[in-house]
Every structure is written in structure tokens, then in C-alpha cells.
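Here is a short report on one protein model. It covers backbone oddities, charged pairs and one helix.

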Amino acid sequence: MFWDRESETLARPALERFQLGQLQETVRRVAQRVPFYQRKFAELGIKPEDIKSLEDARRLPFTASADLFAAYPDGLLAVAADEPVRLHTSSGTTGKPKAVFFSRNDINNSAELMARSLVMTGVTHKDVLQNMMSYGLFTGGLVMHYGAERVGCLVIPAGPGTSERQLMLMQDFHTTAVHILPSYALYFARFLEQRGVNPRKDLKLRKAFVGAEPHTEETRRRIEEAYGIDVYNSYGLTEMNGPGIGFECEHKAGLHLWEDHFLIEIVDPVSGQPLPEGERGELVLTTLRREAMPLLRYRTHDITSIIPEPCACGRTHRRLNRIVGRADDMLIVRGVNIFPQQIERILMSTPQVGPNYLIVLEGLDDMAIQVELASAGFDGQVEHLSGLRHQLAEKFKTELYVRPKVELVPAGSLPVTEGKAKRVIDRRSL
Ligand code: AMP
Ligand code: ZN
């Protein structure tokens, strides 16, 4: 199913011609209106006329998160200060956030891409979508909301309320789809189990859109099995609209990134040099249609690769592989590079293990992994526990080349946050 078949299946040459036109327009706009880019262009000695092909995008300056922090609150606006109609900020944990402004057209475009994304998974106006993401400054609430309304779904703006209330809404309004953090989806499955609710029989749920935090294929499978539903990966970031920019189609084989709105590059996270298509590196995005706050070559820090092959669904917009993590999430333990996702993959493919875990780095350079046991199917016998601990330690050793200390803890005993899960605590005295 298509929301906008023509745009979604545009032949590559036409799509690329369109991208070039939009890129040139964006570069002209920021060169005229945004002092930050004027300065950068002057430093690099480039003029808008120099951008003659998509490859020329490589000559443009990067935009870093630090540039957004420095520009706070509105230093990167490309329209008059009274023109934007909405503000979102990134979920910064400390200090000032990154502020992103939207014009009326920007809002319209973000809803349009969200609608494309939902319909691509089979969502129709008959669906009842319960949006369990936060409705504050975070984009996960409003951007999804507008897109689902556009499709004609009944949208329930539940936000991240208590599990009690989520369940009541789900039952009373026959929710068919949820937008939810993957960590919360696993937690909520356990809540249903404790309530004696069988999602396959007692709920109308068919689909979940999970994103906003890194998660593995194994986690997706766990959620699918726990609820008996289809789970689709949804990627987005505040700086680029929020959700609805990278989304899986019915084939669940990578995230189609809407290339008529964003230019994709994959670069070496250290050198910033472009990498050949298919190689894994840092995703860099340029907005092609943004009015209020266009961003050139924004360093997302997200590590992924482009899937060059066309998708069976017929969409021509290329897919990204599942995000393996953020460049700044990478842990270096005893000289070995480790992504928390590698640890999650091992844990989530081990049936005796529950959904929640915590990586604790301490001492000089020691790694401990606290792992919740699954609530069901474990007899708690000491020798079985030590067997499991040993089995996990071996798997970690083989996969990560370090042997962490594995601590098994009872189901439900690790902290659960309302927002994105916090998986790593680093208190090393390095
Ligand atoms: P925010 O701006 O708060 O929405 O955070 C955006 C960041 O969340 C992205 O840059 C990614 O690091 C992460 N993120 C969002 N969606 C996904 C996803 N589906 N898979 C992995 N990471 C994600
Ligand atoms: Zn597809």
C-alpha cells in the first residue's frame, strides 16, 4: 500500500535530479539567511553556484551537534523569528537542549512523511493508534500524532502514562497499533502477563512501531512473540523532524529513508570522509525541503550502512540497516570497541534472560553486566543459575573478546525509566 505512490516510487534518475534541485535551493537559502553557514562557506571558499552535482555536497560544511548547542536558542533560523509555528527540542540529559523550529510547511511535510511511513506497513484509516511516546518537546508524540491523523486513524494520545491506563485504553478503544519504545514494549508485555492478559486473545493489537532508541533484531523478535504482532523499526531524530524519516515497509528489511526530503551520506565517524555505498559508518543527513531550519550535512552520530539493493516493495528510496548504535555510545573496555547492541543481541537471544539489563563499567576497566532473569520458566536452582552465568560469560567472550562479570538478578529488579532506556553506567576511574 502506498500513501504517495508517485513520490515513493520515483525512478532513481528523476529522484536524484529532484534532490539536486532541492539541494541547490537549500544551499542558496542558507547562504542568504543563516550567518553560521555564511561564515562556514566563507571559510571553505565555496559559493552556492559551486554545487553542480549531488557529489558536490561533499564540499559543503558539516553541521555538528555542537553547532546546534552554540546556536541555541534560534541562531540557525532561516526565516524571520515570528515565522515558525512549532518548536521541538532534543532530549538532552544535561544543560541546554538542541532547539529545532518548524514552519507550517515543515509541519505539513513531517506529517506527510509519517503518513507514508505508516501506510507502508499496512496502516489504514480503520486503525486505532495508541501513541505511547511522550507528547512534550520530544517529537515522538506530536509528529506521529499528526501523521496518523492524516491517514485517518483514530489516534489516542496516551503518552507514556501508567501501564494500568494504557491497558484500559487498549481494551476500551480496541487499539490496533501502538507507537512505543522497544524497552517499554518488553516491560509492558511482562505487565500484561502479570495481569493475566493474553494479548493474542484479549487485545486487538496487530502492529507496533518501535524506535527512538537503539534495539536489536532479537528485541524486535521478542516483542513480536510476546504480543503476536508485527513490529516495525522506526528511526528519526529531532534535528530531522523526529519519527517518520526512516521506517520499515511490510518487508521489515531495513529502514526506507525518504530521499526526496533528505540527502543521505555515510562517512567515516573519525575522519568524516565519505564511505562507499554499503559500508558501515556515521549517517550524515542534509534537509532538502526544510524552511525554518535547514541543516547541511548534519552528523547524526548514528552508525549504520546503506542497503544498495532495491526493495521488493517497489519503493525507490534506499534503505538503511538497523542502527547499531551511536558513535558516542561505543564503549572501549580494555582496548576493545564494544557497542551495547552487541551485548543486547546475546542477551535477547537467550530465552532464560528477561528484557532488562544494565552494563556497569567500574574499577580500573572492568565490565559487569546485570541481567534480569525471565519471569517464567526458570526454577531458580543454584546450579542452573551458575550454568546460565557461565554460558553468557562464554558467549560474551567469543563475541566481544572480553569476559564481563555476569550478575543475574530477579525479574523486575533493575530500574525502569519512563523515557529512553539507560543501559550503561560508567563509573570507571580511568
Ligand atoms: P531524539 O532526537 O531524542 O529523538 O533522538 C534521536 C536519536 O535516537 C537518534 O539519533 C538515534 O540515536 C536514536 N534512535 C531513534 N530511533 C532509533 C531507532 N529506530 N534505532 C536506533 N536508534 C534510534
Ligand atoms: Zn520496502
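The sections below take these topics in turn.

This is a predicted model, in which local features need pLDDT of at least 70, side-chain atom pairs count only at pLDDT 80 or more, and totals for chains, interfaces and linings use all residues. Residues are numbered from 1 along each chain as its sequence is written, and side-chain values use heavy atoms, with hydrogens and water left out.

**Backbone**

Tyr-72 and Pro-73 are joined by a cis peptide bond, with omega at about 0°. Pro-73 sits in the loop between helix H4 (65–71) and strand S1 (86–89). Helices (H or I, at least four residues) and strands (E, at least two) are DSSP runs, numbered from the N terminus.

His-174 is not a glycine, yet its phi is positive, near 55°. It belongs to the loop between helix H7 (163–172) and strand S5 (177–180). His-174 has 45% relative accessibility and therefore counts as partly exposed. The cut-offs are these: buried means under 20% relative accessible area, exposed over 50%, and partly exposed in between (1.4 Å probe, protein chains only).

His-301 also has a positive phi, near 75°. Its place is in strand S12 (residues 298–304). At 23% relative accessibility, His-301 is partly exposed.

**Salt bridges**

Side chains of opposite charge can pair when their charged atoms come close. A salt bridge here is a side-chain nitrogen of Lys or Arg within 4 Å of a carboxyl oxygen of Asp or Glu. By this rule there are 29 salt bridges. The table gives some of them, each linking distant parts of the chain.

| Pair | N to O distance | Separation along the chain |
|---|---|---|
| Arg-12 and Glu-259 | 2.7 Å | 247 residues |
| Glu-112 and Arg-150 | 2.7 Å | 38 residues |
| Arg-428 and Asp-365 | 2.8 Å | 63 residues |

Take the pair Arg-12 and Glu-259, which meet in a salt bridge. Arg-12 is in helix H2 (residues 12–33), while Glu-259 is in the loop between strand S9 (255–257) and strand S10 (262–267). Arg-12 is partly exposed, at 22% relative accessible area. Glu-259 is buried, at 0% relative accessibility. Both residues belong to a network of salt bridges that links Arg-12, Glu-16, Glu-259, Glu-277 and Arg-318.

Glu-112 and Arg-150 form a salt bridge. The pair connects two helices: Glu-112 is in H5 (residues 104–120) and Arg-150 in H6 (residues 139–151). Glu-112 is partly exposed at 22% relative accessibility. Arg-150 is partly exposed too, with a relative accessible area of 32%.

Arg-428 and Asp-365 form a salt bridge. Arg-428 lies in the segment after strand S21 (424–426), and Asp-365 in the loop between strand S18 (353–362) and strand S19 (366–373). Arg-428 and Asp-365 are both buried.

**Helix H3**

Which residues of helix H3 (residues 35–44) are buried? They include Phe-36, Tyr-37 and Phe-41. Seen down the axis of H3, the buried residues fall within an arc of 130°, so they line one face of the helix. The arc is that of the directions from the helix axis to the C-beta atoms.

Ala-42 and Glu-43 lie on the other side of H3 and are exposed. The cover over the buried residues of H3 includes H2 and H4, where contact means heavy atoms within 4.5 Å. Just after H3, Gly-45 takes a positive phi of about 65°.

Definitions and conventions. Chains lettered and ligands numbered in written order.
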